[in-house]
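Hi there,

Here is the structure I promised to pass on. Please have a look at it first, and then read my notes below.

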Amino acid sequence: MIYLLLMLVKWVLIFLITLVVVIAVGTVLFLKFAPTFGGRPDATTLARIKASKHFNGETFVNLIPTHASTLDIADITDGVNDDERHLLLQFLFPPKGKNPSQPITSRSLTLINDAKKLSTTLKDGEFVWLGHSTVIFRLAGKIIITDPVFHRASPVPISGKPFAMTHMPSVDDLPFIDIVLISHDHYDHLDHKVIKQLVKQNKAGHFYAPLGVKAHLVRWGVLADSVTEFDWYEEITVSDNDLTQLKPSNPALIENSVQNKRPLVTDELRLVFTPTRHFSGRRIKGHRTTLWGSWVVQSAPLNVYFSGDGGYSNEFANIGELYGPFDIAFMEDGAYNERWRDVHMLPEESAQAGFDLRAKVVLPIHWGKFDLSTHHWRDPVRRIKQAVAKGNEKVLEDWQVKLASPRVGEGFTLVNLPTEAWWEAED
């Protein structure tokens, strides 16, 4: 009997050890080879990265000192204090109101995939927010999408699930996209499944991305010639028949070029990659080895700004001086916390950034789709609405900002802005 018991213990231990080894090996292999983690820059991109004045030899650096992370590994290794424990518990056991209790009422995206019929479904100057930081719009006859994310904001299937919606946007809903703008490579901004679907369905023309991000896209099936990488303040002019070379990111040349730019013609777009105060990275190691930023998108009639992610800084005023005023700014407003304020603005700072940019309209993005912080899911839009109203009391009428508040999937133009506080009716 004792012998059988010892044999049982032996085989249980062997099973447990084997299980631990299999899990450990599987984890290592997943972290090393899973496609979601992207690729490594080729020699051409590496040369450009090393030549960038924003690269210190190991990582990219922000324009001002920044605690560039939302997770401080040292906090964990040094122990967990009461504040950190409370933060962790809110993630593990969300309090009431942190997530919607019912599917959010969204609109069905009914864009027709046939390019010949597209002009009747998405007109020039029309915008559709698809949740989080994804906006699809049309300028100069071209369909543009920002940071397309339709799946989880996480590399693993146990986290990052989007909120339930009555109509969840998907790649199948999209028309052909002429221009895909990527702000940085975090999972809630660069969805490898979406990229692979766009490639498979032949729905994307050209990708414009920060330095280092091309390798991810190429690994997921995008042709290398279909990706252009940018350093801060580099720009390109896109027309139906021409793709001009990038201009150098030299501050002296930037100011001169802005003051002496020729007017854009009907079919042209000017794309400028501008700085933000953030960080990057898809792996445990290698943070800040790809660049991050925001986008200026200029057409003859309309001037658009897409913030990407970032903490507040005076660079918004600089961008507003160089490229504003903006007809509309897609402004980060969500997934914030006092602990990572350097890299994610509070709503009041997002509102101030809109004023700094000289934006006529602000569309709050980066909220209403994922649970990525500790605040109530409605908190971002409630607070920015109040902050914009207070800010408007302090400026002249010509400098006041309007707030656009569409539902996910709801199309609008700048002459029919959605302003309903629809979130108050959601449970």
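**What I found**

Strand β2 and strand β3 (residues 142-146) run antiparallel and are joined by 4 bridges. One pair to look for is Leu-139 with its bridge partner in β3, Lys-142. The hairpin of β2 and β3 has 2 residues between the strands, and Ala-140 takes a positive phi near 50 degrees there. Strands and helices here are DSSP runs numbered from the N terminus: E of at least two residues for strands, H or I of at least four for helices. Two strands count as paired if DSSP finds at least two bridges between them.

Before going on, a word on the model. This is a predicted model, in which local features need pLDDT of at least 70, side-chain atom pairs count only at pLDDT 80 or more, and totals for chains, interfaces and linings use all residues. Residues are numbered from 1 along each chain as its sequence is written, and side-chain values use heavy atoms, with hydrogens and water left out. The pLDDT (the predictor's confidence in each residue, from 0 to 100) averages 87 for the protein chain, and 79% of the residues score at least 70. Over residues 72-78 the pLDDT stays under 50, and the model has 5 contacts for them beyond four places in sequence; a contact means heavy atoms within 4.5 Å. Residues 115-120 also have a pLDDT below 50, with 6 contacts in the model beyond near neighbours in sequence.

**Around β2**

On its other side in the sequence, β2 has a partner in strand β1 (residues 127-129): these two run antiparallel and are joined by 3 bridges. Trp-129 stands opposite Val-135 in β2. The hairpin of β1 and β2 has 5 residues between the strands, and Gly-131 takes a positive phi near 100 degrees in it.

How many of the 5 residues of β2 are buried? The count is 5 of the 5 across residues 135-139, so the strand is largely enclosed by the rest of the structure. Buried means under 20% relative accessible area, exposed over 50%, and partly exposed in between (1.4 Å probe, protein chains only). Val-135, Phe-137 and Leu-139 cover one side of β2, with Ile-136 and Arg-138 on the other.

Arg-138 in β2 is buried, with a relative accessible area of 13%. Its side chain makes a polar contact of 3.0 Å with the side chain of Asp-124. A polar contact is a pair of N or O atoms within 3.5 Å; within protein, one must be able to donate a hydrogen and the other to accept it, and residues adjacent in sequence count only if both atoms are side-chain atoms.

Arg-138 is also among the residues touched by Gly-125, along with Leu-139, Leu-302, Phe-412, Thr-413 and Leu-414, not counting residues up to four places away in sequence. Gly-125 lies in the loop between α4 (82-92) and β1 and is buried, at a relative accessible area of 10%. The C-alpha atoms of Gly-125 and Ser-299 are 9.8 Å apart, although 174 residues separate them along the chain.

**The two sheets**

β1, β2 and β3 belong to an open sheet of 7 strands with mixed pairing, in the order β6-β5-β4-β3-β2-β1-β14. At its edges stand β6 (227-230) and β14 (411-412), each with a single partner strand, so one side of each has no neighbour in the sheet.

Another open sheet of 7 strands, again with mixed pairing, follows the order β7-β8-β9-β10-β11-β12-β13. Its edge strands, β7 (234-238) and β13 (402-403), each pair on one side only. Helix α8 (residues 315-323) packs on this sheet, touching β7, β8 (269-274), β9 (294-298) and β10 (303-306), and its direction makes about 20 degrees with that of β9. For that angle, axes are lines fitted to C-alpha atoms, for helices over the stretch in contact, and angles run from 0 to 180 degrees between N-to-C directions. β11 pairs with strand β12 (residues 361-365) in the parallel sense over 4 bridges, and Met-331 has Pro-364 as its bridge partner in β12.

**Cores and a buried histidine**

A nonpolar core is a set of buried Ala, Val, Leu, Ile, Met, Phe, Trp, Tyr and Cys residues joined through side-chain atoms within 4.5 Å. The largest has 68 residues, of which Val-297 and Phe-330 touch the most other members. Beyond four places in sequence, the contacts of Val-297 include Phe-137, Leu-139, Ile-144 and Leu-271. A second, separate core of 25 residues includes Val-128, Ile-143, Ile-177 and Leu-217.

Finally, His-344 lies in the loop between β11 (328-332) and α9 (347-356). This histidine is buried, with a relative accessible area of 7%, and a polar contact of 2.4 Å joins its side chain to that of Glu-332.

Best wishes
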